[in-house]
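Hello,

Here is the structure I promised to pass on to you. Please have a look at it first, and then read my notes underneath.

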Amino acid sequence: MLEARAAVKNLHAYRPPLAGRTGLRLDFNESTVGCSPRVLARLRSLDAELLARYPEREPLEKEVANFLGLDPAQVLLSNGVDEAIHLLCSTYLDPGDEALIVVPTFAMYAIFAQAEGARVVEVRAGNNFTFPTQDLLAQLSPRTRLIAVANPNNPTGAAVSGDVLVQIAQAAPQAAVLVDEAYFEFHGETLIDRAFVHPTQKIENLFVARTFSKAYGLAGLRIGILAGDTGQMAMVRRVASPYSVNAAALAVLPEALQDQEYVRRYVAEVRSNRGRLQQELGNLGLHYWPSHANFVLVSVGSAHAEFVRALRARGILVRDRHSDPGCEGCVRFTVGSDEHTETLLGALHEVVDQLGLRTELPNRLPTEVRA
């Protein structure tokens, strides 16, 4: 009888609750306003000839590299950041190797590492989800072959300094160190310039991932970026499919890159509304963690599931993160446009009063969370 590999049979599959998502989508950190009108115009212009051909991503990798200030050999376009993670695991992990992951974080780091037969070592974040630098360094061993860090982190919104990330990469030269900057635009700090554009020293084991799913509003087209040292990226390309990024995504990518004014306006709106939401959460007595991303993590205690249902009844979808390590009783809100934030705040007041949360939870305003 045919059986899957033991590593696969032991995986806990990640199945996000995507079904029945009717309403205001504040549950998956997508753009709430969608992509640039220039992107839509380009999509409408696609013809049968383009769709009949296999996609060619190299010309677009040159364009993206130029946008980032990199050499094309340092850049690989991928089918979302998910594929980039998968490629790194396939390139560097053997059965019995170790992958270090700071939790809570994005689930796919562990899943792709475990699928290769690697052992995942989870390092718990510190108080208020601060980055556990010393705890992570203490877990390094000769078997450590992958370290994955989301910066800012999902679902907490916490950020870690570039100095710490460089320190980790230097402490583990035998490991691929992935810095996932999926929420870079809402944070504004990146390792790409420091590690690749104007490097003061060569760090060949460092990789940076970016996505067009969030600030650019292209989650449905699945396109991401993996950047790294030229020699290491040549190894990653050996396991990459030449056709994994579809023709439609490649066709619209130049328009998305060129319409930076559209991206800047949306990011500015989100950052403003992030502050507005956090202030109102504090006014309501709800404990939250200051975020560097386009979402905010909030503690509502034992009423978390009822809280999510009550917002859904009002046409607003938010994400229950209660099962994440250290996130007991927590719910995550995506931050969107002015209009969508106004809708969320109105519903929040109703639900907090309906569930009696205003009096149950103390008004605990946390300080900046950063390592």
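Below is what I found, starting with the sheet, then one helix, then the salt bridges. Please keep in mind that this is a predicted model.

**The sheet**

A good place to begin is the open sheet of 7 strands, whose order is S2-S8-S7-S6-S5-S3-S4, with mixed pairing. Which strands stand at the edges? They are S2 (75-78) and S4 (119-124); each has a single partner strand, so one side of each has no neighbour in the sheet. From one strand to the next, the twist averages 20°.

Strand S7 (residues 206-211) is worth following in detail. Its pairing with strand S6 (residues 176-180) is parallel and is made by 4 bridges. Within that pairing, valine 179 stands opposite valine 208, and aspartate 180 has alanine 209 as its bridge partner in S7. With strand S8 (residues 224-228), S7 runs antiparallel, and 5 bridges join the two. Here valine 208 stands opposite alanine 227. As a general reminder, strands of a sheet pair through backbone hydrogen bonds, either parallel or antiparallel.

Is S7 largely enclosed or left open? Of its 6 residues, 6 are buried, so S7 is largely enclosed by the rest of the structure. Leu206, Val208 and Arg210 point one way from the strand, while Phe207, Ala209 and Thr211 point the other way, and all are buried.

**Helix H14**

Next, look at helix H14 (residues 304-313), where the buried residues are His304, Phe307, Val308, Ala310 and Leu311. These residues cover an arc of only 160° around the axis, which puts them on the same side of H14. On the face turned away from that buried side you will find the exposed residues Arg309 and Ala313. Just after the helix, glycine 315 takes a positive phi of about 85°.

**Salt bridges**

The structure holds 18 salt bridges, and I picked out three pairs for you.

- Arginine 38 pairs with glutamate 255, with the closest N and O atoms 3.0 Å apart. This pair links distant parts of the chain, since arginine 38 is in helix H2 (residues 37-44) and glutamate 255 in helix H12 (residues 247-258), 217 residues apart. Arginine 38 is partly exposed, at 34% relative accessible area, and glutamate 255 also counts as partly exposed, at 21%.

- Arginine 237 forms a salt bridge with glutamate 61, and their closest N and O atoms are 3.3 Å apart. Arginine 237 lies in helix H11 (residues 230-238) and glutamate 61 in helix H4 (residues 58-68), so the pair ties together parts that are 176 residues apart in sequence. Arginine 237 is partly exposed, with a relative accessible area of 28%, whereas glutamate 61 is buried, with 3%. Both belong to a network of salt bridges that links Arg57, Glu61 and Arg237.

- Aspartate 82 forms a salt bridge with arginine 222, the closest N and O atoms lying 3.6 Å apart. Aspartate 82 is in helix H5 (residues 80-92) and arginine 222 in the loop between S7 and S8, so this pair links distant parts of the chain, 140 residues apart. Aspartate 82 is partly exposed, with a relative accessible area of 26%, and arginine 222 is partly exposed too, with 27%.

Happy exploring, and best wishes!

Notes. Residues are numbered from 1 along each chain as its sequence is written. This is a predicted model: local features need pLDDT of at least 70, side-chain atom pairs count only at pLDDT 80 or more; totals for chains, interfaces and linings use all residues. Side-chain values use heavy atoms; hydrogens and water are left out. Two strands pair if DSSP finds at least two bridges between them. Axes are lines fitted to C-alpha atoms, for helices over the stretch in contact, and angles run from 0 to 180 degrees between N-to-C directions. Buried means under 20% relative accessible area, exposed over 50%, partly exposed in between (1.4 Å probe, protein chains only). The arc is that of the directions from the helix axis to the C-beta atoms. A salt bridge is a side-chain nitrogen of Lys or Arg within 4 Å of a carboxyl oxygen of Asp or Glu.
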